[in-house]
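Student: Got a minute to walk me through this protein? I'd like to get the overall picture and then poke at some odd spots.
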Amino acid sequence: MYDKTQTHDQAAYNSYVILDEKVAVMDTVDARKGAEWLENLEEALGGRKPDYLVVHHMEPDHSGTILELARKYPEVRIVATAKALVFLGQFFDGETFNTLAVKEGDTLALGAHTLQFIMAPMVHWPEVMVSFDSKDKVLCPSAAISGKRMTTGPARPAATISTSAASTALPCRCS
């Protein structure tokens with residue numbers, strides 16, 4: 001469920017898609033790569049629409065395309081910590097979003113995949129959380145762990161979209 005693309009300065013901009021009964025987009029990217037990212041997202045979605053956008057971290061290089069995604073898919077529900085939702089209102093002043101605040105231990109069932117949310121305040125910023133996919137045993141660490149994937153068992157990749165200021169990775173679809 002993870003693909004890492006780095007820029008020359010080692011910054012990584014990662015976004016993931018979980019295709020299940022419900023579709024979850026895991027984070028967005030820097031606004032400077034928004035158009036390219038949205039094209040890749042459309043390809044990865046294969047005609048489906050996202051049900052959820054899980055926002056692990058509100059730093060603009062990870063959240064800069066939230067507004068574009070919400071405008072393109074107005075039904076999408078933004079899932080984030082309460083603090084992140086405050087930041088969302090501040091970053092996109094005057095915009096209204098369909099939101100769901102999650103807290104420690106909350107889960108989100110997508111079908112075969114269930115995400116569990118783990119709060120990680122001040123690991124990077126005060127609103128940071130990570131999510132754990134119980135089906136694939138994959139932790140999505142946001143920017144909290146230097147872009148490394150950590151697992152508790154064998155991991156099977158899910159659809160991935162990754163983009164950076166330097167290049168764009170092609171999405172891959174796996175079961």
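Tutor: Sure, we can start with the overall layout and then go residue by residue. One thing up front: this is a predicted model.

Student: OK, how many helices and strands are there in the protein?
Tutor: The protein has four helices and 12 strands. It has 175 residues, and 50% of them are buried.

Student: And what about the surface, how much of it belongs to carbon and sulfur atoms?
Tutor: Carbon and sulfur account for 52% of an accessible surface of about 8000 Å².

Student: Which residues touch the most other members in the largest nonpolar core?
Tutor: That core has 25 residues, and the ones touching the most other members are Leu41, Leu53, Met58, Ile66, Ile78, Leu88 and Phe97. β2, α1, α3, β4 and α4 each give two or more residues to this core. There is also a second, separate core of 14 residues, with Ile18, Ala24, Leu115 and Cys140 among them.

Student: Phe97 caught my eye. Which residue does Phe97 form an aromatic pair with?
Tutor: Let me take the ring pairs in order. The count comes to four aromatic pairs. In one of them, Phe87 and Phe91 are stacked, because their planes are at 10° with the ring centres 6.1 Å apart. Phe87 and Phe91 both sit in helix α4, four residues apart, which is about one turn of the helix. Your Phe97 pairs with Phe92, edge-to-face, at 6.0 Å centre to centre and 65° between the planes.

Student: Back to the stacked pair: are Phe87 and Phe91 buried or exposed?
Tutor: Phe87 counts as buried at 14% relative accessibility, while Phe91 is partly exposed at 35%. Ring pairs also link Phe87 and Phe91 with Trp125 into a cluster.

Student: And where does Phe92 sit?
Tutor: Phe92 is in the loop between α4 and β5, and it is buried, with a relative accessible area of 13%. Setting aside neighbours within four places in sequence, Phe92 is in contact with Met58, Ser63, Ile66, Leu67 and Phe97. Leu67 is 25 residues from Phe92 along the chain, yet their C-alpha atoms are separated by 7.4 Å.

Student: Switching to charges. How many salt bridges does a search of the whole structure find?
Tutor: Six. One of them joins the side chains of Glu42 and Lys72 at 2.8 Å, N to O. Glu42 is in helix α1 and Lys72 in helix α3, 30 residues apart, and the pair links distant parts of the chain. Glu42 is partly exposed at 40% relative accessibility, and Lys72 is partly exposed at 39%.

Student: What does Arg71 pair with?
Tutor: Arg71 meets Glu95 in a salt bridge, 3.0 Å from N to O. Arg71 is in helix α3 and Glu95 in the loop between α4 and β5, so this bridge ties together parts 24 residues apart in sequence. Arg71 is exposed at 57%, whereas Glu95 is partly exposed at 32%.

Student: Which acidic residues are buried yet have no salt bridge?
Tutor: Asp20 is one of them: the nearest side chain of opposite charge is Arg48, 6.9 Å away. A salt bridge here needs the nitrogen and oxygen within 4 Å. Glu127 is another example, with Lys83 as its nearest opposite charge at 8.4 Å.

Student: What surrounds Glu127, then, and where is Glu127 in the fold?
Tutor: Glu127 lies in the loop between β7 and β8. Not counting residues up to four places away in sequence, Glu127 touches His56, His57, Met58, Glu59, Thr81, Lys83, Ala84 and Phe87.

Student: Last topic, backbone. What is phi for Asp27 and Lys137?
Tutor: Phi is positive at both: near 70° for Asp27 and about 60° for Lys137. Most residues other than glycine have a negative phi.

Student: Where are they, and are they buried or partly exposed?
Tutor: Asp27 is in the loop between β2 and α1, and it is buried, at 4% relative accessible area. Lys137 is in the loop between β8 and β9, where it counts as partly exposed at 36%.

Terms used
Residues numbered from 1 in each chain as written. Predicted model: local features only at pLDDT ≥ 70, side-chain atom pairs only at ≥ 80, totals over all residues. Heavy atoms only, no water. Buried < 20%, exposed > 50% of the residue type's maximum accessible area, 1.4 Å probe, protein only. Phe/Tyr/Trp six-rings, centres within 6.5 Å; stacked < 30°, edge-to-face > 60°. Areas by Shrake-Rupley, 256 points an atom, 1.4 Å probe, with all protein chains shown as cover. Lys, Arg positive; Asp, Glu negative; His and termini not counted. Core = buried A, V, L, I, M, F, W, Y, C linked by side-chain atoms within 4.5 Å. Contact = heavy atoms within 4.5 Å.
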